[in-house]
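Here are a few short exercises with worked solutions. Grab your viewer and work through them in order.

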Amino acid sequence: MEKHKCIIIGTGPAGYTAAIYAARANLKPIMYTGLEPGGQLTTTTEVENFPGYPDGIDGPAMMEDLQKQAQRFGTDVRFGMVTKAEFSTIPGEYHKLTIDESTEVLARTVIIATGASAKYLGLESEKKFMGHGVSACAICDGFFYKGQEVVVVGAGDSAAEEATYLAKLCPKVTVLVRKDHFRASKIMVDRVMKTPNIEVLFNTETVEVQGDKTVSSVKVRNNQTNEERVIPAEGFFVAIGHKPNTDIFKGQLDMDNVGYLITKPGTATTNLPGVFATGDAQDRIYRQAVTAAGSGCMGALEAERYLQEFEEEVTAEA
Ligand code: NDP
């Protein structure tokens, strides 16, 4: 069984930053990409708020740059999904990870950077049309709805961003907001409200996604008047937030009721020795690329310090 000093799970800004730091510290990090290499930023177009890019940068391009930077210092990036984690509770002992339900690898330190995934409404009709009109990523799938009418559900920055993106491709975008106000930042809400082909329906919830083989309309209800109506739409985009990808750590690592990993305040330290949590998997407040990158750095520095405690053993093995 392979033995490593440091394994990083996940390839978003947290994972890559951890890899850059760990590789430069000669920890020879192994990185497993998961199902969505590059993470959430690969599903966004322009990133305007990451420092150092005065003209903004394309999300996937930024992830490619981060990958190159991590590999430049020797990070071994491997396509594979960590399907099981068996953490040791004894300081200095190896943790065991199972990759793609078959290969087992050992690591003295594990840096978790598994991020978060899109949430859905949970309607049967939504499930039925998944991939056939229902999507949680306008940037990935919007192109397929060019020239068609679409509905976006949600009221946060994601919904605002998806609606303005789709409005460039589609003649009509209807945004369903369940309360009487947006949660998104003012600048994003202003953009939505100023876009002529976006209609916002407040106090409105989805009753059913309708269609034959693909989506053709969405039945909605005003939760104040109970009035129902049917909106013609070929695309139904859900943008209601994300769930941290931490299910495989349940029962071993401390997490809150949503699944965000709990770290010692101001650190990436989890309840287990040698296991560090970074990025959106442990951040329910900020969830930004730059905060994820910062916490990835913290995870790697802490892994390095942790390994120093067992330096003699680690050096003997290397
Ligand atoms: P948020 O958690 O911020 O918002 C989720 C939205 O979905 C809320 O408005 C919520 O409504 C609504 N919602 C939740 N469940 C349902 C439901 N069952 N039916 C209808 N509506 C529902 O998630 P986001 O993904 O929008 O944003 C996550 C983070 O990422 C935020 O910090 C955001 O600022 C950031 N972000 C930044 C971007 C940028 O700067 N370019 C782009 C995208 C995201 P309610 O308000 O009623 O609770």
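**Exercise 1.** Sort F276 and Y306 by burial, then classify their ring pair.

*Solution.* Start with F276: its relative accessibility is 4%, so F276 counts as buried (buried is under 20% relative accessible area, exposed over 50%, partly exposed in between, with a 1.4 Å probe and protein chains only). Y306 comes out at 9%, so Y306 is buried as well.

Before going on, a word on the source: this is a predicted model, where local features need pLDDT of at least 70 and side-chain atom pairs count only at pLDDT 80 or more, while totals for chains, interfaces and linings use all residues. Residues are numbered from 1 along each chain as its sequence is written, and side-chain values use heavy atoms, leaving out hydrogens and water.

Now the rings. Phe, Tyr and Trp rings (six-membered ring for Trp) pair if their centres lie within 6.5 Å; planes under 30 degrees apart are stacked, over 60 edge-to-face, the rest tilted. The structure holds six aromatic pairs. For F276 and Y306, the centres are 6.1 Å apart and the planes sit at 75°, so call this pair edge-to-face.

**Exercise 2.** Which parts does the F276 and Y306 pair tie together?

*Solution.* F276 lies in strand β19 (residues 275-277) and Y306 in helix α7 (residues 289-308), so the pair links parts 30 residues apart in sequence. Helices (H or I, at least four residues) and strands (E, at least two) are DSSP runs, numbered from the N terminus. Finally, add F310: F276, Y306 and F310 form one aromatic cluster.
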